[in-house]
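This briefing introduces a protein structure to a reader in the first year of study. Please keep the sequence and the model in view while reading.

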Amino acid sequence: MRASSADAATLQNLLLLYMHDFSEFWAWTAVGDLEPDGRYEDYPLDPYWDTPGWRAVLFEADGALAGFALVNDHAHSSRPVDHAIAEFFVARKYRRQGLGKLAAHRLFGEARGQWEVAVVRKNLAAQAFWRRTVAECPAAREVTEFDLDDARWNGPILRFRT
């Protein structure tokens, strides 16, 4: 379901779980340090309510909150893009059950145009998930993948049209 600014607190709570999971990829860097209150810094969500084409989506499984996606139009590749997965999270309880793939396929099917999914090099599980999910998406056409290792991004980027 599409989220609104009324869901900001819920999304920030889910983002804490996401950042905790993601923190293993930030080891030995200044990124992702906990604040003095034991929380991660709040994620800047306002653009997801105010910017045309940007959106936040909450996922449910059997009526229970199970994850979220943030979609914007920021291309890590610097190539033209209509939609990009900025963040994507499925709670551990619901992983490996097809919920993430179903949610991603719905996102892709709802918005036509050029998509981009950039995946952190160290996140091998996410790389496998996104390769499989995009390859199995009925709406995805002209799928390409390339690798970046520069100041903009470090990891594979999948691009496709819907």
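A residue counts as buried under 20% relative accessible area, as exposed over 50%, and as partly exposed in between. D147 is therefore partly exposed, because its relative accessibility is 46%. The structure is a predicted model. The points below treat its salt bridges, one hairpin and the surroundings of one histidine.

**Salt bridges**

- Side chains of opposite charge can pair when their charged atoms come close.
- The whole structure contains eight salt bridges.
- One of them joins R92 to D21, with 3.1 Å between the closest N and O atoms. This pair connects distant parts of the chain, since R92 lies in the loop between strand 3 and helix 3 (99–110), while D21 belongs to helix 1 (residues 8–22), 71 residues apart.
- The two partners differ in accessibility: R92 is exposed because its relative accessibility is 56%, whereas D21 is buried because its relative accessible area is 13%.
- A salt bridge also links the side chains of E136 and K101, at 2.8 Å from N to O. E136 sits in the loop between helix 4 (124–135) and strand 5, and K101 in helix 3, so that distant parts of the chain, 35 residues apart, are linked.
- E136 is partly exposed at 40% relative accessibility, and K101 is likewise partly exposed at 32%.
- The side chains of R121 and D147 form a salt bridge at 2.8 Å, N to O. Here the loop between strand 4 (114–118) and helix 4, which holds R121, is linked to strand 5, which holds D147; the two residues are 26 residues apart.
- R121 counts as partly exposed, because its relative accessibility is 30%.
- Salt bridges with shared partners unite D21, R92 and R95 in one network.

**The hairpin of strands 5 and 6**

- Strand 5 (residues 141–149) and strand 6 (residues 154–161) run antiparallel and are joined by seven bridges.
- Four residues form the hairpin connection from strand 5 to strand 6.
- D149 stands opposite N154, a residue of strand 6.

**The surroundings of H76**

- H76 lies in the loop between strand 2 (64–72) and strand 3 (83–90).
- Is H76 buried or exposed? H76 counts as buried, because its relative accessibility is 19% and the limit for buried is under 20%.
- Apart from neighbours within four places in sequence, H76 is in contact with E116, A118, L148, R152, W153 and I157.

Terms used
Residues are numbered from 1 along each chain as its sequence is written. This is a predicted model: local features need pLDDT of at least 70, side-chain atom pairs count only at pLDDT 80 or more; totals for chains, interfaces and linings use all residues. Side-chain values use heavy atoms; hydrogens and water are left out. Buried means under 20% relative accessible area, exposed over 50%, partly exposed in between (1.4 Å probe, protein chains only). Contact means heavy atoms within 4.5 Å. Two strands pair if DSSP finds at least two bridges between them. A salt bridge is a side-chain nitrogen of Lys or Arg within 4 Å of a carboxyl oxygen of Asp or Glu.
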